[in-house]
Amino acid sequence: MFRKTKIQLALLFTLVFFCVLSILGISLYLYMQKVSLASVDDNLRNKETYLIQKSIEDLPDEKNERESERKVSYLFWDKKGNLLLSNPKNAFYKKEISSFKPNRNDKKMRIQTISGHSYRILTHVKKRDELKSFPSAATIQLVYNIDPEVNVIKQLLLLIGFGCFIGLLISFFVGLFWQVEH
């Protein structure tokens, strides 16, 4: 009778400890996901503001940026959803371009995976007084490759899962040992 009760207490201890570890792990994961995308979002918003205030000819010359820095690609679409311009011109393969095509349900900021790569996309619907040098553009998308951020978050999720599993095993054996000793 006492042995069964001791095992039940060990299992209860394990369950409580596992729940605490899981809550902490999920909190850490969500926080890191938010933080890693915040700098990307800030970069895209800054480039959007710059683009709206300038003309297309004044787009930053990203050739002068360091090679280690990832570049923002600009996609200009007309009202019918046809691509008018891509800057840089060869940023994406033609078969990939159609996957970026904006639709009415697009949120301002979203993540999309295309051909195994993840992109953070900021969609800006042009207003009348914006980009007068390019009047045929209706929608502008700023596209940024976030593969490094996605890989870090995936690795973190694996570490959290592994840590919870190890914590589960350790807590079970500690709880069992603790119950046997007392």
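These legends walk through several close-up views of a predicted model.

**View 1. The open sheet and its five strands.**
Let us start with the sheet. Five strands make up this open sheet, arranged in the order 2-1-5-4-3 with antiparallel pairing. At the edges sit strand 2 (83-87) and strand 3 (109-114), each of which pairs on one side only. On average, neighbouring strands of the sheet are turned by 25° against each other, direction ignored. As background, strands of a sheet pair through backbone hydrogen bonds, either parallel or antiparallel.

**View 2. Strands 4 and 5, with helix 1 alongside.**
Here we look at one pair of strands. Strand 4 (residues 117-125) runs antiparallel to strand 5 (residues 139-145), and seven bridges join the two. To find your place, look for Arg120, which stands opposite Tyr144 in strand 5. Helix 1 (residues 2-53) packs on the sheet, where it touches strand 1 (73-77), strand 3, strand 4 and strand 5. The direction of helix 1 makes about 40° with that of strand 4.

**View 3. A buried salt bridge between Asp41 and Arg120.**
Arg120 appears again here, this time with a charged partner. The model has three salt bridges, and in this one Asp41 pairs with Arg120, with the closest N and O atoms 2.7 Å apart. Asp41 belongs to helix 1 and Arg120 to strand 4, so that the pair links distant parts of the chain, 79 residues apart. Are these two residues buried or exposed? Both Asp41 and Arg120 are buried. In general, side chains of opposite charge can pair when their charged atoms come close.

**View 4. A salt bridge within helix 1.**
The next pair stays inside a single helix. The side chains of Asp42 and Arg45 form a salt bridge, at 3.9 Å from N to O. Both residues lie in helix 1, and because they are three residues apart, about one helical turn separates them. Arg45 is partly exposed, at 38% relative accessibility. Asp42 is partly exposed as well, with a relative accessible area of 44%.

**View 5. Glu48 and its two partners, Lys108 and His124.**
Glu48 is a good residue to keep in the middle of this view. Its side chain meets that of Lys108 in a salt bridge (2.9 Å, N to O). This pair links helix 1, where Glu48 lies, with the loop between helix 2 (94-100) and strand 3, where Lys108 lies, 60 residues apart. Glu48 is buried, with a relative accessible area of 7%, whereas Lys108 is partly exposed at 43%. The side chain of Glu48 also makes a polar contact with the side chain of His124 (2.7 Å). His124 is part of strand 4 and, at 5% relative accessibility, counts as buried. Not counting residues up to four places away in sequence, His124 touches several residues, including Glu48, Ile52, Lys108 and Glu130.

**View 6. Two nonpolar cores.**
The last view turns to nonpolar residues. The largest nonpolar core has 16 residues, of which Leu44, Leu51, Phe76 and Leu142 touch the most other members. Helix 1, strand 1 and strand 5 each supply at least two residues of this core, and helix 1 gives the most, with four residues. Apart from this core lies another one of nine residues, among them Trp77, Phe92, Ile114 and Tyr119. As a general point, in soluble globular proteins nonpolar side chains tend to be buried together.

Technical notes:
Residues numbered from 1 in each chain as written. Predicted model: local features only at pLDDT ≥ 70, side-chain atom pairs only at ≥ 80, totals over all residues. Heavy atoms only, no water. Pairing = 2+ DSSP bridges. Axes fitted to C-alpha atoms, helices over the stretch in contact; angles between N-to-C directions. Contact = heavy atoms within 4.5 Å. Salt bridge = Lys/Arg side-chain N within 4 Å of Asp/Glu carboxyl O. Buried < 20%, exposed > 50% of the residue type's maximum accessible area, 1.4 Å probe, protein only. Core = buried A, V, L, I, M, F, W, Y, C linked by side-chain atoms within 4.5 Å. Polar contact = N/O pair within 3.5 Å; in protein donor to acceptor, adjacent residues only side chain to side chain.
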